[in-house]
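Work through the exercises below with the sequence and the 3D structure open beside you. Try each task before you read its solution.

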Amino acid sequence: MAEEVKVKTCGVRETKKLGAILAPFLSPGDLLILRGPLGAGKTTFTQGLGEGLEAERPIISPTFTLAREVKVKFKGGREGLLIHVDAWRLKAQGGDIFEEFEALGIEDDFEGNSALVVAEWGDGVAEALSDRILYVDFARDPEKESERLISFTPKGFRALGDFKKKAEEVFGNSVD
Ligand SMILES: Nc1ncnc2c1ncn2[C@@H]1O[C@H](COP(=O)(O)OP(=O)(O)OP(=O)(O)O)[C@@H](O)[C@H]1O
Ligand SMILES: [Mg+2]
């Protein structure tokens with residue numbers, strides 16, 4: 001079975017840090033699907049990812065639009081795009097993500113394969129975008145306000161060994 005990585009973060013800074021740590025392991029064409037309830041930390045994590053990818057502007061929640069693009073630099077300095085999707089409405093109301101991308105005029109950027117897609121609420125609606133999917137699950141314990149358990153599960157994705165090592169270096173041994 002593909003290896004899973006689990007990290008417990010305490011506070012916004014650590015969740016951002018975790019996103020920044022993952023950044024160098026990502027490439028254009030990858031799809032991250034972020035799962036977890038309202039306020040779980042999906043956008044916070046994406047902000048850290050943006051910082052790690054030297055995004056040209058800070059990531060803000062795309063709540064009122066399906067997706068926002070930002071220019072980023074992938075490992076090795078390769079320029080590309082991060083398409084940050086909030087699929088909440090699409091998931092609730094149905095619809096086709098490709099058509100939505102077309103309507104927003106980002107279909108071409110996506111087709112050019114220069115983009116990493118990060119989709120909040122994307123499970124069940126964004127999978128068609130890529131064969132290389134990394135699910136990121138955010139769980140919270142109602143009694144621990146600032147803790148989040150964040151799990152990474154690859155599907156058709158590269159092995160997570162190096163990322164796991166890096167996360168353990170920074171956060172200590174990953175949670176089982
Ligand atoms: N360890 C933590 N990691 C991330 N956020 C935390 C943590 N502890 C507390 N928080 C708080 O949880 C909230 C996370 O909000 P965020 O917008 O990232 O969630 P979200 O999953 O994107 O929600 P939504 O589904 O509404 O888009 C913030 O208010 C943040 O201050
Ligand atoms: Mg959000």
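**Exercise 1: a hairpin and its neighbour**

Describe how strand 3 and strand 4 are connected, and find the residue with a positive phi in the turn.

Solution. Strand 3 and strand 4 make a hairpin with five residues between them, and in its turn Gly-76 has a positive phi of about 90 degrees. The model is a predicted one, in which local features need pLDDT of at least 70 and side-chain atom pairs count only at pLDDT 80 or more, while totals for chains, interfaces and linings use all residues. Residues are numbered from 1 along each chain as its sequence is written, and chains are lettered from A and ligands numbered from 1 in the order in which they are written. Strands (E, at least two residues) and helices (H or I, at least four) are DSSP runs numbered from the N terminus, and two strands pair if DSSP finds at least two bridges between them.

Next, look along the hairpin: strand 3 (residues 67-73) and strand 4 run antiparallel and are joined by seven bridges, with Glu-79 of strand 4 as the bridge partner of Lys-73. Then turn to strand 5 (residues 115-120), which pairs with strand 4 in the parallel sense over six bridges; here Leu-81 has Ala-115 as its bridge partner.

**Exercise 2: the whole sheet**

In what order do the seven strands stand in the open sheet, and which strands are at the edges?

Solution. The order is 1-7-6-2-5-4-3, with mixed pairing. Strand 1 and strand 3 stand at the edges with a single partner strand each, so one side of each has no neighbour in the sheet. From one strand to the next, the twist averages 20 degrees, where axes are lines fitted to C-alpha atoms (for helices over the stretch in contact) and angles run from 0 to 180 degrees between N-to-C directions.

**Exercise 3: what is buried**

How many residues of strand 4 are buried, and which residues have the most contacts inside the largest nonpolar core?

Solution. Of the eight residues of strand 4 (residues 79-86), seven are buried, which requires 20 or more other C-beta atoms within 10 Å of a residue's own, with C-beta atoms placed from the backbone. The largest nonpolar core has 49 residues, and those with the most contacts inside it are Ile-83, Val-85, Val-117, Val-118, Ala-119 and Ala-126; such a core is a set of buried Ala, Val, Leu, Ile, Met, Phe, Trp, Tyr and Cys residues joined through C-beta atoms within 7 Å. Strand 5 gives the most to this core, with five residues.

How values were computed: Buried ≥ 20, exposed ≤ 12 C-beta atoms within 10 Å, placed from the backbone.
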